[in-house]
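Subject: Structure handover

Hello,

Below is the structure I said I would pass on. Please look through it first, then read the notes under it.

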Amino acid sequence: MSEATIECSGLRRVFDDGLALDSLDLEVRPGTVLALLGPNGAGKTTTVRLLNGILRPTAGWSRVLGLDPERQGHELRHRTGVLTENAGLDDRLTARENLASVARLRGMDTVAAGSRVTELLEQFGMTSHADQRCQGFSTGQRRRIALARALISDPEVLFLDEPTSGLDPAATEEVVDLIDSLAKERGRTVVLCTHFLGEATRVADQMAILNRGRLLVSGSPERLAAELWPDVELRIELSAPADQAALDTLRRVDGVIGAVSTPAGAIVTMSRRERIPAAIGAVVGSGAQVFSAVPVERTLSDVYFAYEERLDPVHRGLRAADAPHLEAEAERVPA
């Protein structure tokens with residue numbers, strides 16, 4: 001039996017107006033935060049709906065928590081939580097009533113439901129608004145209640161679509177910390193669909209980039225960055241731009257591929273991270289005053305934009321005539 005929380009093979013969905021998802025293969029381990037990324041229309045929402053049993057696949061299969069979403073969707077949805085981009089609250093009900101109604105649908109008894117609702121209202125800073133109708137809530141308030149609703153039954157898997165949209169910076173920070181703790185401390189699996197790459201960088205253990213229904217790449221941001229940028233870039237800050245003597249000294253260091261002067265010092269390209277101390281020592285030995293030496297760390301955002309540039313030339317505004325050539329080049333991008 002597979003240990004994956006989420007797995008799918010050849011998952012495909014075609015609507016009347018065209019292909020939405022094309023032969024998706026994916027595996028997500030327990031306690032993982034998966035950042036599901038891509039432009040609008042990439043297939044992210046379709047993927048979530050297929051994995052949660054809301055849509056039936058045209059072809060292929062998936063398993064979530066060992067269940068078949070197509071045949072066991074009702075059972076599965078009792079063990080998952082979903083936050084859609086549209087909060088979908090019942091405006092006729094108060095914040096407390098919106099949460100309590102979901103608790104009842106999940107089969108929670110009255111005492112347990114009341115306790116959980118109170119806990120979540122406090123956690124999301126909505127206690128003072130608990131008995132107000134949702135109709136007059138701001139976007140941020142609605143988002144807080146919708147996220148609390150997704151967590152009502154302490155789900156094993158969370159599908160979150162733009163969870164911080166409309167939240168102020170403090171609330172955004174709390175939600176990002178919550179996602180991180182749910183995975184790392186509680187072992188929950190989170191599928192995070194977001195356009196805020198900075199937030200995804202902070203919490204994602206795995207990223208999957210979709211483009212026009214096709215999976216471009218999946219893996220940890222660290223592994224994908226290492227494949228895209230096998231060399232190490234070291235930024236050295238000096239008291240002045242590196243002179244020719246310093247550059248020549250650097251270039252003689254084993255593992256240094258290149259060195260160029262910058263207004264702040266030098267940028268050194270190296271084949272091996274472990275040779276960084278030798279490069280710094282060489283600069284110091286040349287008589288230059290070193291203020292700092294920082295390896296450039298590639299992030300999830302860097303990986304995303306690198307693949308966007310290589311694999312989606314038309315969306316980046318390049319001439320359509322260039323697309324076939326660039327797409328052919330893209331087939332050689334590591335996957």
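I start with a single residue: at 37% relative accessibility, Glu 173 counts as partly exposed. On this scale, buried means under 20% relative accessible area, exposed means over 50%, and partly exposed is in between, with a 1.4 Å probe and protein chains only. Glu 173 is found in helix α6, residues 169-184. Its C-alpha atom and that of Val 283 are separated by 40 Å, and the two residues are 110 apart along the chain.

This is a predicted model, in which local features need pLDDT of at least 70 and side-chain atom pairs count only at pLDDT 80 or more, while totals for chains, interfaces and linings use all residues. Residues are numbered from 1 along each chain as its sequence is written, and side-chain values use heavy atoms, with hydrogens and water left out.

The whole chain

The protein chain has 12 helices and 13 strands. Both are DSSP runs numbered from the N terminus: helices are H or I with at least four residues, strands are E with at least two. Of the 335 residues in the protein chain, 46% are buried. The C-alpha trace spans about 75 × 45 × 40 Å along its principal axes. Among contacts between residues at least 6 apart in sequence, 68% join residues at least 24 apart; a contact means heavy atoms within 4.5 Å.

The sheets

An open sheet of three strands has the order β2-β1-β4, with antiparallel pairing. Two strands pair if DSSP finds at least two bridges between them. β2 (18-28) and β4 (59-64) stand at the edges with a single partner strand each, so one side of each has no neighbour in the sheet. Neighbouring strands here are turned by 20 degrees against each other on average, direction ignored. Axes are lines fitted to C-alpha atoms, for helices over the stretch in contact, and angles run from 0 to 180 degrees between N-to-C directions. Strand β1 (residues 6-15) is joined to β2 by seven bridges, and Ile 6 has Val 28 in β2 as its bridge partner.

Another open sheet has six strands in the order β5-β6-β7-β3-β8-β9, and its pairing is mixed. Its edge strands are β5 and β9, each of which pairs on one side only. In this sheet the average turn between neighbouring strands is 15 degrees, direction ignored. Four bridges join β3 (residues 33-37) to β8, and these two strands run parallel. Leu 34 stands opposite Gln 206 in β8.

By contrast, β8 (residues 206-211) and β9 (residues 214-219) run antiparallel, joined by five bridges. They form a hairpin with two residues between them, and Arg 212 in the turn has a positive phi of about 55 degrees. The bridge partner of Asn 211 is Arg 214 in β9.

Helix α1

Is helix α1 enclosed or open? Six of the eight residues of α1 (residues 44-51) are buried, so the helix is largely enclosed by the rest of the structure. The buried residues are Lys 44, Thr 46, Thr 47, Val 48, Leu 50 and Leu 51. α1 lies across β1, β2 and β4, running at about 115 degrees to β1. After the helix comes Gly 53, with a positive phi near 80 degrees.

The pockets

The largest pocket has a volume of about 420 Å³. A pocket is an open set of points on a 1 Å grid over the protein atoms alone, where a 1.4 Å probe fits, with protein on both sides within 12 Å along at least five of seven lines; lining residues have an atom within 4 Å of a point. Grid points are joined across faces, edges and corners, and the volume is the space filled by probe spheres set on the points.

This pocket is lined by 20 residues, and nearest its centre lie Ala 225, Ala 226, Val 296, Glu 297 and Arg 298. The largest share of the lining, four residues, comes from α8. The lining divides into 10 nonpolar, four polar and six charged residues. Here Ala, Val, Leu, Ile, Met, Phe, Trp, Tyr, Cys and Pro count as nonpolar, Asp, Glu, Lys and Arg as charged, and the others, Gly among them, as polar.

The second largest pocket has a volume of about 340 Å³. β5 gives the most to its lining, with four residues.

Regards
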